[in-house]
Amino acid sequence: MKTVFFDIDTQLDFLFPAGALYVPGAETIIDNIARLNRQAAELGALVISTMDAHTENDPEFKTWPPHCVAGTLGQQKPAATLLDKRIIMPSSACAKDFSGTQQILLEKQTFDCFTNANLGRILAAAQADRYVVYGVVTEICVKLAAFGLLKTGKRVELVTDAVRSLSDAASDAMTREFTAQGGVLTTSDAVFGA
Ligand SMILES: [Zn+2]
């Protein structure tokens with residue numbers, strides 16, 4: 001089974017208490033995220049790491065505190081979650097080659113990673129039978145990625161010990177809706193045992 005891994009928005013501004021938009025407890029999932037990314041690469045599977053890359057006066061900052069401004073420290077990912085062979089894929093349509101890449105840093109300016117105009121051709125080339133999704137936050141950006149991937153008709157798994165949320169109630173609602181639509185809940189240990 002060919003798997004593509006989706007590591008959603010695991011950026012310093014979200015993961016650490018000093019970050020601009022800290023997700024409570026998010027630092028506790030970094031080890032699992034790093035292990036998932038590394039093990040995926042060992043199996044030769046592609047990791048797509050979505051990344052907010054905002055401008056300083058991004059429209060999103062009308063509703064959220066400024067975070068993940070492109071070029072700032074907070075926009076970066078923890079070193080442990082990065083793979084050696086990686087490229088940055090901008091959100092506007094381009095012909096950037098990703099063959100031989102272990103990790104695509106997929107930039108976006110909104111919640112939904114499918115707003116990156118290159119994601120369609122990446123998924124078409126990857127030919128996955130299964131998607132594994134994790135990161136932050138469960139009820140917003142992880143949700144949009146997971147539900148967008150469910151629309152492909154392929155198997156989609158959510159790694160419950162590698163996600164964090166801002167609201168437990170919203171996170172519970174997301175997982176209920178996800179499983180009702182055929183999504184599968186898993187753990188970071190079980191992902192590679194399947
Ligand atoms: Zn954002």
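In what order do the seven strands of the open sheet lie, and in which sense do they pair? The order is β3-β4-β2-β1-β5-β6-β7, and the pairing is parallel. Strands are counted as paired if DSSP finds at least two bridges between them, and the elements themselves are DSSP runs numbered from the N terminus, helices being H or I over at least four residues and strands E over at least two. The edges of the sheet are formed by β3 (86-89) and β7 (184-186), each of which pairs on one side only. From one strand to the next the twist averages 25°, the axes being lines fitted to C-alpha atoms, for helices over the stretch in contact, with angles running from 0 to 180 degrees between N-to-C directions.

The model is predicted, and local features were accepted only at pLDDT of at least 70 and side-chain atom pairs at pLDDT 80 or more, whereas totals for chains, interfaces and linings use all residues. Residues are numbered from 1 along each chain as its sequence is written.

The protein contains five helices and seven strands, which follow one another from the N terminus as β-α-α-β-β-β-α-β-α-β-α-β. Its radius of gyration is 15 Å, which agrees with the value near 16 Å for a compact globule of 194 residues; this radius is taken over C-alpha atoms, and the globule rule is 2.2 Å times the number of residues to the power 0.38. Of the 194 residues, 39% count as buried, a residue being buried if 20 or more other C-beta atoms lie within 10 Å of its own, exposed if 12 or fewer, and partly exposed in between, with C-beta atoms placed from the backbone.

Within the sheet, β1 (3-8) is joined to β5 by six bridges and to β2 by five, running parallel to β2. Val4 has Tyr131 as its bridge partner in β5, while Phe5 stands opposite Val47 in β2. In a regular strand the side chains alternate between the two faces of the sheet. Both faces of β1 are covered, with Thr3, Phe5 and Asp7 buried on one side and Val4, Phe6 and Ile8 buried on the other. Towards one edge, β6 (residues 155-164) and β7 pair in the parallel sense over three bridges, and Leu158 stands opposite Leu185 in β7.

The largest nonpolar core, defined as a set of buried Ala, Val, Leu, Ile, Met, Phe, Trp, Tyr and Cys residues joined through C-beta atoms within 7 Å, has 47 residues, and those with the most contacts inside it are Phe6, Val133, Tyr134, Val142 and Ala145. Helix α4 (residues 138-150) supplies the largest share of this core, six residues. Residues up to four places away in sequence aside, the contacts of Val133 include Phe6, Val142, Ala145 and Leu158, where contact requires C-beta atoms, placed from the backbone, to lie within 7 Å.

Several loops show unusual backbone features. A cis peptide bond, with omega about -20°, joins Val136 and Val137, and Val137 lies in the loop between β5 (130-136) and α4. Asp9, in the loop between β1 and α1 (12-15), has a positive phi of about 55° although it is not a glycine, and Asp9 is buried, with 27 other C-beta atoms within 10 Å. Cys68, in the loop between β2 (46-52) and β3, likewise has a positive phi, near 50°, and is buried, with 26 other C-beta atoms within 10 Å.

Terms used: Contact = placed C-beta atoms within 7 Å.
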